[in-house]
Amino acid sequence: MAAGPALGLGPLLLVSLWGASAPARPCRPAACLLRRLGQHVQRQRERSSPGLGPGPGAAALPAEGWLEQALDPFNASDRRSFLQRYWVNEQHWTSRDGPVFLHLGGEGSLGPGAVMRGHPAALAPAWGALVIGLEHRFYGLSIPAGGLDMAHLRFLSSRHALADVVSARLALSRLLNVSSSSPWVCFGGSYAGSLAAWARLKFPHLIFAAVASSAPVRAVLDFSAYNEVVSRSLTSTAIGGSPECRAAASSAFAEVARRLRAGEAARAALRAELGACASLDREEDRAELLGALQALVGGAVQYDGQAGAPLSVRQLCGLLQAGGNRSRPAPYRGLRQAVQVVLHSLGQKCLSFSRAETVAQLRVTEPQVSSVGDRQWLYQTCTEFGFYVTCEDPGCPFSQLPALPSQLELCEQVFGLSTSSVAQAVAQTNSYYGGQTPGATQVLFVNGDADPWHVLSVTQALGPSVSALLIPSASHCLDMAPERPSDSTSLRLGRQSIFQQLQTWLRLETRVRAGL
């Protein structure tokens, strides 16, 4: 059941869309910092897009609507429902039997930029496509009444999200008068990219094709490969890295570890120099600090070269290799400067890493407008995906802390979920979707080889109708960003390949429809 489009935007929605200065809720420090960086990049992307901002001269926002969705789509006797937000851009739609490009939301709020900038919006004019953005249940403003307690979070999963896609596809076809013959193509990036691929896998009669960008379709408990790619990318001269940069990063972390071991006075000095929020007396907090610093370096790689990213690999390496002195070696001083650059960009006064504060905040069940979905996403990692980044391999250039057990302990502390149940959930996810061999057809997997997440995606074609595109030196979901003059040749060619693959599929569909 659909509620009609609502064009008015209240103050709460503006906070969600434009990132007004509400305080951010803490989350697991390493994962939190990466999520904050992703949110910041997305917000800056929308702010820098012409006509899409709260300032003077901004164009009219696309239509906003709400769908009434079943809270439990797998239980017909449960009549509870929630409102799911969507966006519609009709400006390129030329025919009711034209294609529909459905941009799926992931583990955060989905704003109007999803249907106005980047792909699929950039691809829509060529085919006269209708563009729709669907926010993920339990994120953004699509949070069911009752909050985020365990009784409600059990209705948060990728399978529930896919059921929403099916329901939305059927309801919006009626509401917007879309022809029954119109091909629906799903788009998504990161977790939402996985959802796009899985929507085609599980519902091929409803979803014609999918473009899955940086989609980690293989769930994994111990994601040590993340830092393996970070380490390799730091040596890549194509993005400003070098073997010397990687060595400098390793040296900086060794210096931090040395100071943490050197006693209370050394830790107090370290706290002041790094701009840490609290003391470093507790061992668990020291581990979380090291995790947050790893995430800072990982974030420079994951979002390298993207508009709004505080640090690129080239800039980070420049800081780590700048001149130092005996008391403050160059790599350590460079890491300190990198921390300040990132904190300033994110509008944070200090580096947060308190384990006790993290647990306390993640236990809060009331939805908060300023939240980027930290409690919800932790729940999904505990019940479906894992994705816990570690550095326990001897070749990892960072600290081996925090170790996997301490990360898994959060699932127990926050949700009462045991380590064995998390491991079992990861295995079940791969069994249900097929991991890196999902068996879907007409799916294009797009990845960048500098992105740490590409190792969990599909990077080689699995057959004539499952294509894979690996863009050299590209970072996370970079293909989805609006075009910029500074885009590399390989990125431009990658976007052309996406266009050509869609053209091949849509032309074939047109011929089949015409009986040719």
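Modeller: Let's start with the term: on a 1 Å grid over the protein atoms alone, a cavity is a set of points where a 1.4 Å probe fits but cannot get out. Points are joined across faces, edges and corners, and the volume is the space filled by probe spheres set on them. In this predicted model, local features need pLDDT of at least 70 and side-chain atom pairs pLDDT 80 or more, while totals for chains, interfaces and linings use all residues. Residues are numbered from 1 along each chain as its sequence is written, and side-chain values use heavy atoms, leaving out hydrogens and water.

Colleague: How many cavities of 30 Å³ or more does the structure hold?

Modeller: There are 3 of them, and the largest has a volume of about 60 Å³.

Colleague: What makes a residue part of the lining?

Modeller: An atom within 4 Å of a grid point does it. For the largest cavity the lining includes Gln84, Leu104, His136, Arg137 and Asp164. Helix α5 (residues 158-175) gives the largest share, 3 residues; helices here are DSSP runs of H or I, at least four residues, numbered from the N terminus.

Colleague: What is the chemical make-up of that lining?

Modeller: It divides into 5 nonpolar, 3 polar and 3 charged residues. Ala, Val, Leu, Ile, Met, Phe, Trp, Tyr, Cys and Pro count as nonpolar, Asp, Glu, Lys and Arg as charged, and the others, Gly among them, as polar.

Colleague: Why is the pair of Phe223 and Tyr226 called what it is?

Modeller: Rings of Phe, Tyr and Trp (its six-membered ring) pair if their centres lie within 6.5 Å; planes under 30 degrees apart are stacked, over 60 edge-to-face, the rest tilted. By that rule we get 16 aromatic pairs. Here the centres are 5.6 Å apart and the planes at 75°, so Phe223 and Tyr226 are edge-to-face. Both also belong to a cluster linked by ring pairs, with Tyr191, Trp198 and Trp377 among the other members.

Colleague: How do you know whether Phe223 is buried or exposed?

Modeller: Buried means under 20% relative accessible area, exposed over 50%, partly exposed in between (1.4 Å probe, protein chains only). Phe223 sits at 1%, so it counts as buried, and Tyr226, at 2%, is buried too. Across the chain's 516 residues, 56% are buried.

Colleague: Which stretches have pLDDT under 50?

Modeller: pLDDT is the predictor's confidence in each residue, from 0 to 100. The chain's mean is 88, but residues 1-27 stay under 50, and residues 53-58 do as well. Where pLDDT is low, the predicted coordinates should not be read in detail.

How values were computed:
Contact = heavy atoms within 4.5 Å. 1 Å grid on protein atoms, 1.4 Å probe; cavity = no way out; pocket = protein on both sides within 12 Å on 5 of 7 lines; lining within 4 Å. Helix = DSSP H or I, 4+ residues; strand = E, 2+ residues; numbered from the N terminus.
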